[in-house]
Amino acid sequence: MNSEQFDFLVIGSGLAGLTFALRAAEHGRVCVLTKGEVSDSNTSAAQGGIAAAVGEADSWELHEQDTLIAGAGLCDEEAVRFLVQNAPESIQWLISLGARFDVAGDDLALGREGGHSRNRIVHHADKTGWEIERAMVAAAKKNPNIVLFRHAFVTKLLLSQGRCVGASAEIEGLGPKRFTARAVLLSTGGCGRMYQHTTNPKVATADGIALALDLGAKVENMEFMQFHPTTLFHPQMRSFLISEAVRGAGGNLRNHLGRRFMYDYDPRLELAPRDVVARAIEAEMKKHGTWCVYLDTTHLPPDRLLHEFPTIYDKLKQIGLEMEKDWIPVVPAQHYSCGGVSTDLDGKTSIPGLYAAGEVASTGVHGANRLASNSLLEAIVFAAAAAEASKHDTLPDKHGVSTLPVHCITEAESVRLRRALQRTMTNHVGIVRTDGGLGLALQEIDSLLDEYRSLPESPYSQHPLETHNLLLAARSVVTSAIQRRENIGLHFNSDH
Ligand SMILES: Cc1cc2nc3c(=O)[nH]c(=O)nc-3n(C[C@H](O)[C@H](O)[C@H](O)COP(=O)(O)OP(=O)(O)OC[C@H]3O[C@@H](n4cnc5c(N)ncnc54)[C@H](O)[C@@H]3O)c2cc1C
């Protein structure tokens with residue numbers, strides 16, 4: 001197999017991957033492999049912003065306190081302190097790369113989100129992730145020490161003498177290729193595509209979790225899956241996020257009979273915390289056997305809707321919905337994975353030579369629940385730490401590796417198995433879980449994995465390998481959920 005050596009290998013081109021690449025490029029040659037277009041990522045989809053205590057009345061201590069409260073006692077306190085103390089400098093670094101954040105006079109304009117006791121959300125309108133990704137991609141493309149391969153799907157990590165020494169990838173137009181490096185960063189993002197409804201783009205297929213599991217790396221906290229309460233339920237625009245701010249502005253949740261059902265669940269009604277609203281919507285849908293509930297904004301002034309929610313207003317208009325006249329069909333959707341590949345403060349995983357950062361990693365900062373807008377921050381802070389820590393790594397002189405070929409099935413079979421997995425995860429491993437449902441999910445996933453392995457070999461194709469990765473990672477979510485005996489943060493089992 002064709003092979004190439006670099007100093008650093010980065011898998012993924014979201015915020016974590018590109019932060020590492022730009023920092024590591026100061027110490028050697030960096031190769032970035034990304035499976036789609038460079039900016040296909042959760043990073044590009046991020047709307048709200050990035051949290052940092054940069055306001056006058058704010059401090060890292062307050063940011064720390066808010067993060068620990070959200071994490072419900074399961075955060076790693078050292079990791080949280082490291083995160084919040086490095087936040088202001090991270091914002092400055094992004095600005096130095098050309099990221100344009102909204103300003104108020106001479107200062108950054110700071111938004112407020114649920115769980116934050118101060119205004120500390122640095123943003124670019126409602127397209128913060130897009131703007132950050134734009135600036136990072138431009139900086140990476142200009143850097144002579146960074147080589148970027150698009151449509152390069154990593155299929156396997158390479159292990160030699162217990163150390164991760166690289167990865168193999170299938171590159172569109174080039175075929176299979178092997179890359180070796182003295183340090184490898186996993187920055188493959190989320191795993192939302194294991195559910196029927198997710199806000200994550202189609203690249204979020206848990207590849208990094210499966211690659212790490214395959215190598216024997218420690219993966220943890222996978223049961224803590226964050227669901228966003230209100231995403232559009234519509235075949236033409238799946239997973240489109242209807243921001244919390246719409247409820248903040250006075251939007252009401254109604255069931256199919258028109259009843260404001262939040263009265264039955266929480267005195268804070270539509271403004272209860274995200275996980276409470278998501279659980280209430282799920283309960284209401286199950287109670288009535290409906291596919292969605294509705295967000296009603298018809299009582300709000302049309303010019304306010306247009307002025308405050310231009311993107312949402314336009315998107316809905318494209319599918320014939322008018323916010324001032326129509327109820328918006330919504331469902332909760334998977335949004336963020338708090339768990340992942342376990343790392344220390346330097347982004348080191350349990351396998352020497354392998355680092356992880358961003359959504360694929362479990363650094364300990366989120367504990368049982370993520371504080372809004374801490375994830376972009378986590379990606380940048382821990383990827384920078386990993387780049388610093390990896391600069392003295394060396395590749396063993398003799399690093400012979402042998403890899404078994406990956407097993408592909410047909411795309412048609414892959415689609416069938418993936419749909420079955422998504423149904424299982426949505427029915428049994430969603431917002432409200434039960435002992436029976438989790439047991440059933442484990443059985444179903446195991447039988448889907450058996451079926452995958454017993455299907456005849458087909459020529460290389462990305463979709464089946466992603467499906468296999470989703471199955472492996474989903475199994476890890478289910479087994480973690482079975483082991484968790486108490487209800488805490490995002491994990492809720494109605495039998496406990
Ligand atoms: C709709 C939405 C809104 C959000 N809003 C916010 C917000 O306001 N604030 C906030 O802090 N967070 C927000 N988040 C979460 C945040 O965007 C993500 O957690 C963060 O961007 C993750 O960055 P990352 O670099 O880890 O992964 P990503 O940005 O997802 O990048 C992963 C990269 O890995 C590549 N990849 C994956 N598998 C492979 C493979 N096998 N081979 C090669 N390449 C691969 C992908 O193509 C992609 O380039 C939001 C998320 C979504 C979906």
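**Strands, helices and domains in a predicted model**

Reader: Which residue of E21 does Val-341 stand opposite?
Author: The model is predicted. Val-341 falls in strand E19, residues 340-342, which pairs with E21. Its opposite residue in E21 is Ala-361.

Reader: In which sense do E19 and E21 pair, parallel or antiparallel?
Author: In general, strands of a sheet pair through backbone hydrogen bonds, in one sense or the other. E19 and E21 are joined over 2 bridges. Their sense is parallel.

Reader: Which strands are at the edges of the sheet that holds E19?
Author: That sheet is open and has 3 strands, with mixed pairing. Its order is E14-E19-E21. The edge strands each pair on one side only. They are E14 (219-220) and E21 (361-362).

Reader: What is the strand order in the open sheet with antiparallel pairing?
Author: This sheet has 3 strands. E4 (50-51) and E7 (110-111) each have a single partner strand, so one side of each is left without a neighbour in the sheet. The order is E4-E8-E7.

Reader: Which residue of E8 stands opposite Leu-110?
Author: Leu-110 belongs to E7, residues 110-111. E7 is joined by 2 bridges to strand E8, residues 121-122, and the two run antiparallel. Opposite Leu-110 in E8 is Val-122.

Reader: How are H3 and H4 oriented to each other?
Author: H3 spans residues 60-70 and H4 spans residues 77-85. Their axes come within 9 Å and cross at roughly 135 degrees. Roughly antiparallel would need an angle over 145 degrees, and roughly perpendicular one of 65 to 115. H3 and H4 are therefore oblique.

Reader: Is the crossing of H3 and H4 left-handed or right-handed, and which residues of H4 make the contact?
Author: The crossing is right-handed. On the H3 side, the contact is made by Trp-60, His-63, Glu-64, Thr-67 and Leu-68. On the H4 side, it is made by Glu-77, Val-80, Arg-81, Val-84 and Gln-85.

Reader: By class, how many residues of the contact of H3 with H4 are nonpolar?
Author: The contact includes Trp-60 and Leu-68 from H3, and Val-80 and Val-84 from H4. Beside the nonpolar residues there are 3 polar and 3 charged ones. The nonpolar count is 4.

Reader: How far apart do the C-alpha centres of domain 2 and domain 3 lie?
Author: The chain is divided into domain 1 (1-224 + 338-402), domain 2 (227-333) and domain 3 (411-483). The C-alpha centres of domain 2 and domain 3 lie apart by 29 Å.

Reader: How many residues does the contact take from domain 3?
Author: The contact is between domain 2 and domain 3. Domain 2 gives 6 residues. From domain 3, the number is 6.

Notes: Residues numbered from 1 in each chain as written. Predicted model: local features only at pLDDT ≥ 70, side-chain atom pairs only at ≥ 80, totals over all residues. Heavy atoms only, no water. Axes fitted to C-alpha atoms, helices over the stretch in contact; angles between N-to-C directions. Helix = DSSP H or I, 4+ residues; strand = E, 2+ residues; numbered from the N terminus. Parallel < 35°, antiparallel > 145°, perpendicular 65-115°, else oblique. Left-handed = near helix turned anticlockwise from the far one by under 90°. Contact = heavy atoms within 4.5 Å. Nonpolar A, V, L, I, M, F, W, Y, C, P; charged D, E, K, R; others polar. Pairing = 2+ DSSP bridges. Domains from an automatic or database assignment.
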